[in-house]
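Me: I've got a model open and want to talk through how its chains fit together. Can we start with the terms and then go chain by chain?

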Amino acid sequence: MIEILSETPLATVQDLGRFGLLNQGVGTSGAMDPLALAAGNLLLGNEADAAAIEVQVFPFAVRFHEPCAFAVTGADCAARLQDQPVLPWWAGQAAAGDSLTLRRPEGGTWRGSRAYVCVAGGFAVPPVLGSRSTQLRGAFGGHEGRALRQGDRLAAGAPGTGNRPTGFGLVPPAFAMPLQREGCTAVRVLPAAEYERFTKAAHEALWSAEWKITPHSDRYGYRLAGPSLRPTAPIELRSHGIVPGVIQIPHGGQPIVQMRDAQPSGGYPKIGTVIEADLWRLGQAPIGSRIRFVACTWDEAVAAFEETERWAARVRRLAALHAERGT
Amino acid sequence: MPIAEAEQIAAWLAGTDIEFLELRSADGCLTLRRQGNDVAISREGAPAPQEAAREITVTAPSVGVFLHRHPLRDAPLVRPGDTVPAGQILGLLCIGPLLLPVAAPRAGTVARMWAAHEEVVGFGSPLVELLATEGTGDHGH
Amino acid sequence: MTLGEASTSLLGSTALLFEAPGETDLPTQQRIWVLAAEAETWPEVREAVPGINNLMIAFRRPPAKLDDILERLRSCWATVAPMPLHGRVIELPVTYGGPDGPHLPDVVAHTRLSIDDIVAIHSEPLYPVYALGSHPGYCYLGGMDPRIATPRRKVPVLSIPGGSVSIGGSQTGVSASAGPSGWNTIGRTSACFFDPVRDPPALLRPGDAIRFRVSEVIR
């Protein structure tokens with residue numbers, strides 16, 4: 001069992017998401033940084049979509065009540081197992097009674113905002129409608145359909161010791177697959193239905209401005225601050241399906257990017273959509289930081305998707321090879 | 001190691017981007033160093049008996065890129081002069097997406113870093129020189 | 001991209017959106033349901049999600065080329081006939097006004113109709129379920145009488161309870177679980193619209209119809 005020691009507003013159990021129920025009104029949920037969640041799981045020999053804890057408020061601490069292999073990925077939060085430092089994107093072995101603490105991410109060469117605590121076998125919360133992700137609005141999935149609280153106890157799927165080597169890590173994808181423009185995290189965007197109905201100035205601003213991530217940004221959506229984006233004429237739309245990554249422009253002209261807990265339908269004008277392969281970059285961008293949008297083509301979006309797939313496949317293969325050698 | 005085998009390794013090395021390969025065995029040390037498209041082979045006599053030596057050369061367990069610091073960190077994991085316990089991570093060996101620890105086999109003081117940060121190293125390449133603390137046994141992890 | 005009069009657009013590399021032309025109407029929606037059922041049989045489609053006279057096609061993975069699926073959408077839309085309503089009607093008893101309908105006075109103020117008139121007009125029609133969305137089990141309904149249309153609230157309410165019956169613009173709906181809303185809440189019903197252990201989990205599906213039955217009016 002793993003016990004939550006800290007007051008942890010907004011920490012939730014997540015996997016890679018719940019799919020196929022948008023037409024029942026159920027959004028996908030899932031990790032804001034799916035690469036980090038998958039990487040932590042692959043380090044431990046889990047399936048890539050095993051359930052982990054997504055931490056977004058720090059400090060965060062858990063205690064292992066039994067020996068268990070774990071991995072910490074995502075933002076560098078100076079993790080410690082008891083008094084021993086644990087490197088970022090690293091797998092370790094906890095003994096019974098050990099506590100793992102994560103501090104607020106700061107400094108370093110890449111600042112993320114969300115960390116993932118993975119355990120051997122994944123967190124054994126019951127799957128609901130095909131996923132272990134927490135569906136906050138529907139109050140199901142994850143741990144009792146809600147954010148974690150101090151004192152909660154979660155079971156690991158494969159606790160124990162020596163099942164697989166630990167003590168090694170991964171190069172974070174921010175370095176394996178960097179994407180920056182003029183010192184800012186960049187995300188690639190495909191124009192959406194109403195793109196052409198915005199002014200030329202709006203188009204120029206979309207691609208050239210730095211967009212600040214405001215404090216009103218969470219798992220539901222990121223509200224950005226920057227130049228106002230205006231349509232050439234008022235736009236009224238009928239409700240339609242939307243997905244994480246959609247950049248909506250409400251009447252005020254300031255973009256809202258839908259994120260993993262977004263509702264599956266909407267009606268605000270859409271100027272573009274952040275491609276699936278880059279959503280993790282946004283999921284890790286801290287409040288107060290700035291991002292840039294980069295126009296891309298369908299072929300580039302497909303290539304980016306395949307690049308992240310290849311990266312995950314390589315991580316899986318090499319982690320398994322390393323585990324076999326038992327070093 | 002028979003020289004024919006060394007030449008075979010040299011031929012293999014010529015097809016890689018590995019600059020330097022050091023092979024240690026009981027009867028000596030073989031160094032293969034790439035010079036342009038050729039690979040120079042040099043052989044040294046048997047090293048001094050290790051029992052008495054306090055100097056420990058931590059070598060690469062595999063081909064890879066040696067890192068002094070974690071990619072997410074500004075600061076190196078250790079600096080020359082640092083005192084480290086056995087098992088402390090001195091550097092990282094990057095193999096594709098994997099990061100493997102290069103750990104101190106014994107407690108000691110970091111004497112020097114043989115390989116530069118981000119240097120491509122071969123199996124057995126010297127990475128870190130460690131001056132073992134007197135009287136400490138081997139209790140590496 | 002234009003398919004005859006319908007249009008398609010990208011939702012990143014995750015999905016594409018097919019939008020039928022013209023004014024919102026039920027026959028078009030009945031064709032959207034058939035298109036959705038057809039598209040869900042295509043191998044690259046993870047899910048087809050009807051909206052209001054539109055359809056989102058979510059991919060299992062982004063297909064290398066889009067031409068093929070766009071062509072199938074085009075030819076399929078050209079031939080689909082409206083799906084007949086399957087005639088399932090769910091009757092929902094509603095308590096109008098009072099603490100569970102705090103914005104009924106705002107609808108009175110906007111429409112200049114009496115509470116009794118508003119309740120009578122709201123509970124009169126059979127509302128077809130056009131689509132599900134927004135949150136688990138929520139239904140987009142058609143068929144509200146325009147006389148009781150009331151603009152969305154300037155300041156959204158942070159949380160309205162599940163079962164809240166509300167009016168937003170020219171639409172009416174019932175929230176399936178507690179959450180924020182910009183609509184005017186006029187009453188409440190106690191039905192359970194979504195249960196994750198039920199199959200299917202949502203009470204209603206497109207093509208069903210809702211009738212609101214007046215259980216009580218609190219003035």
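Reply: Sure, one term up front: a salt bridge here is a side-chain nitrogen of Lys or Arg within 4 Å of a carboxyl oxygen of Asp or Glu. Also, this is a predicted model, where local features need pLDDT of at least 70, side-chain atom pairs count only at pLDDT 80 or more, and totals for chains, interfaces and linings use all residues. Residues are numbered from 1 along each chain as its sequence is written, chains are lettered from A and ligands numbered from 1 in the order in which they are written, and side-chain values use heavy atoms, with hydrogens and water left out.

Me: OK. How many salt bridges are there across the interface of chain B and chain A?

Reply: The rule finds one there. Asp76(A) and Arg73(B) meet through their side chains, 2.6 Å from N to O.

Me: And how many residue pairs are in polar contact between chain B and chain A?

Reply: Six, with both residues at pLDDT 80 or more. A polar contact is a pair of N or O atoms within 3.5 Å; within protein, one must be able to donate a hydrogen and the other to accept it, and residues adjacent in sequence count only if both atoms are side-chain atoms.

Me: Which elements of chain B give two or more residues to the side that touches chain A?

Reply: Those are β7 (89-95) and β8 (98-103) of chain B. Helices (H or I, at least four residues) and strands (E, at least two) are DSSP runs, numbered from the N terminus. By class, that side of chain B has 12 nonpolar, two polar and three charged residues. For the classes, Ala, Val, Leu, Ile, Met, Phe, Trp, Tyr, Cys and Pro count as nonpolar, Asp, Glu, Lys and Arg as charged, and the others, Gly among them, as polar.

Me: How much area do chain B and chain A bury between them?

Reply: About 1,700 Å², with 69% of it on carbon and sulfur atoms. On the chain B side, Leu72(B), Pro97(B) and Leu98(B) lose the most area to chain A, together 41% of what that side buries. Buried area is the accessible area (1.4 Å probe) that two parts lose on being put together, summed over both. As for residues, chain B puts 17 into the contact and chain A 23, where contact means heavy atoms within 4.5 Å.

Me: Which strand of chain A pairs with β8(B)?

Reply: Strand β12 (residues 169-170) of chain A, antiparallel over two bridges. Gly169(A) has Leu99(B) as its bridge partner. Two strands pair if DSSP finds at least two bridges between them.

Me: Switching to chain C. How many of its residues are in contact with chain A?

Reply: 48 residues of chain C, against 39 residues of chain A. Chain C and chain A bury about 3,500 Å² between them, 58% of it on carbon and sulfur atoms.

Me: What about salt bridges across the interface of chain C and chain A?

Reply: Two are found. One of them joins Asp299(A) and Lys65(C), with the closest N and O atoms 3.8 Å apart. There are also 22 residue pairs in polar contact across that interface, both residues at pLDDT 80 or more. From chain C, β2 (6-11), β3 (15-19), β4 (45-50), β5 (54-59) and β12 (179-181) each supply at least two residues of the side that touches chain A. The largest share, five residues, comes from β4(C).

Me: Where does Glu44(C) sit?

Reply: In the loop between α1 (26-39) and β4 of chain C.

Me: Why does Glu44(C) count as buried?

Reply: Because its relative accessible area is 16%, and buried means under 20%, exposed over 50%, partly exposed in between (1.4 Å probe, protein chains only). Leaving aside neighbours within four places in sequence, Glu44(C) is in contact with several residues, among them Phe59(C), Asp68(C) and Arg72(C).

Me: Back to chain B: where is Pro61(B)?

Reply: Pro61(B) is in the loop between β4 (55-59) and β5 (64-67) of chain B. With 42% relative accessibility, Pro61(B) is partly exposed. Not counting residues up to four places away in sequence, Pro61(B) touches Leu93(B) and Phe123(B).

Me: Last one: what joins β15(A) to β16(A)?

Reply: A hairpin, through three residues. The two strands pair antiparallel over three bridges, and Ile213(A) has Leu224(A) as its bridge partner in β16(A).
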